[in-house]
Amino acid sequence: MKNRYYELTITVENENFVEFLADFVANISGEGLEIGHNTIIVRSENSLDNLEDNINSLIGTLGTDIKISFKKEERENKDWIATYQNSIEPIEVGKFYIYPSWYEAKKGKIIIKIDPALAFGSGHHATTFSCLDAIGDYVKENDRVLDVGCGSGILGLASTKLGAKVDLCDTDPISVDSCEDNFALNESEYEELWEGSANQAKGQYDVVIANIIADVLKFIVHDLNRVIKQDGILILSGILDKKELQVREVYSNLKLLERKERDEWVTLVYRKS
């Protein structure tokens, strides 16, 4: 262990964006995070110099005014992993109970074990929460499911726990590794996992899940349409309410079954008919 480490504190004025940004930061940095009411704290023995630029680039693609500030410090090393772990709480979403490995499982629920130090997607963010809720309603045993932009793998894991056969993909190699680790942690198996997107998928699926951001959902519309079976389900999330109409316009060939809104984030459930 090194004697010094780097700490980046990210302060976000609108708390509804804290966990969304934390998800992004964890996936590109591979580091554990500590999340407060309006803050994200990233600690690493490696330099965090590129994070600020990457976050500002993401905010630019969202097309919304997110007021954010950064504070960088170098500190004496201590057991900040334990401090971080103490800040993570389990969460219940519909049929599911999501918990880190340092907690106990809960009886009567479908349990998913996720260590957020590997990647943040632990069910707390509004988009992940709504997707899990939709998966509980629409994914059935023996369904073939594709999770596009899988992150920590939590949505694919939820589908697997319901008896589905799951493929997953993400353009970020850290997410792919994290997904593999979390499936192993849950003693669960996927069918295929690859670095890339839906354009590399083979065949068609009963349910396709894409929890990304609106601009990417618009960009990959043709790939997602292609991989859904006739009468299949598409779950789209990561959509800011102000960009919802843009997404609905490009997916207008599908039948909208359900709209879920949580904080400023929208999840849309479609059927291909």
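Arg43 sits out of reach of solvent for the most part: its relative accessible area is 8%, so it counts as buried, the cut-off being under 20%. In this predicted model, its side chain meets that of Glu7 in a salt bridge, with 2.9 Å from N to O. The pair ties together distant parts of the chain, Arg43 lying in strand β3 and Glu7 in strand β1, 36 residues apart. Glu7 is buried too, at a relative accessible area of 7%. Both charged partners of this bridge therefore fall under the 20% cut-off for buried residues.

That bridge belongs to a set of 15 salt bridges in the structure. Another one joins the side chains of Lys109 and Glu92, at 3.6 Å from N to O. Here, too, distant parts of the chain are linked: Lys109 is in the loop between β6 (96-99) and β7 (110-113), while Glu92 is in strand β5 (residues 91-93), and the two are 17 residues apart. The setting is partly open to solvent, since Lys109 comes out at 29% relative accessibility and counts as partly exposed. Glu92 gets the same label, with a relative accessible area of 35%; partly exposed is what lies between the 20% and 50% cut-offs.

Asp206 and Lys229 make a further salt bridge, their closest N and O atoms being 3.4 Å apart. This pair again links distant parts of the chain, with Asp206 in strand β11 (residues 205-211), Lys229 in strand β12, and their positions 23 residues apart. Lys229 is partly exposed, its relative accessible area being 30%. Then there is a case that goes beyond simple pairs: Glu244, Arg248, Arg259 and Glu261 are joined into one network by salt bridges that share partners.

Turning to the helices, α2 (residues 51-62) makes a handy geometry check. Its 12 residues, at 1.5 Å each, should span 16 Å, and the end C-alpha atoms are 17 Å apart, which agrees. The buried residues of this helix are Leu51, Ile55, Leu58, Ile59 and Leu62. They take up an arc of only 100° around the axis, so they sit on the same side of α2. The face turned away from that buried side carries the exposed residues Asp53 and Gly60.

What lies over the buried residues of α2 comes from several elements, including β1 (4-12), α1 (18-29), β3 (39-44), β4 (68-76) and β12 (228-240). Two of these names have come up already: β3 holds Arg43 and β1 holds Glu7, the partners of the buried bridge. Another, β12, is home to Lys229. Just after α2, Gly63 takes a positive phi of about 70°.

At the level of the whole chain, the protein has nine helices and 14 strands. For 273 residues, a compact globule would have a radius of gyration near 19 Å, and the 18 Å found here agrees with that. The C-alpha trace spans about 60 × 40 × 30 Å along its principal axes. Of the 273 residues, 51% count as buried. Contacts reach well along the sequence: among those with a separation of 6 or more, 65% are between residues 24 or more positions apart. As for the surface, the protein exposes about 12,300 Å², with carbon and sulfur atoms supplying 43% of it.

Technical notes
Residues are numbered from 1 along each chain as its sequence is written. This is a predicted model: local features need pLDDT of at least 70, side-chain atom pairs count only at pLDDT 80 or more; totals for chains, interfaces and linings use all residues. Side-chain values use heavy atoms; hydrogens and water are left out. Helices (H or I, at least four residues) and strands (E, at least two) are DSSP runs, numbered from the N terminus. The expected span of a helix is 1.5 Å times one less than its number of residues. Buried means under 20% relative accessible area, exposed over 50%, partly exposed in between (1.4 Å probe, protein chains only). The arc is that of the directions from the helix axis to the C-beta atoms. Contact means heavy atoms within 4.5 Å. A salt bridge is a side-chain nitrogen of Lys or Arg within 4 Å of a carboxyl oxygen of Asp or Glu. The radius of gyration is taken over C-alpha atoms; the globule rule is 2.2 Å times the number of residues to the power 0.38. Accessible areas come from the Shrake-Rupley method with a 1.4 Å probe; for residues, only the protein chains shown count as cover.
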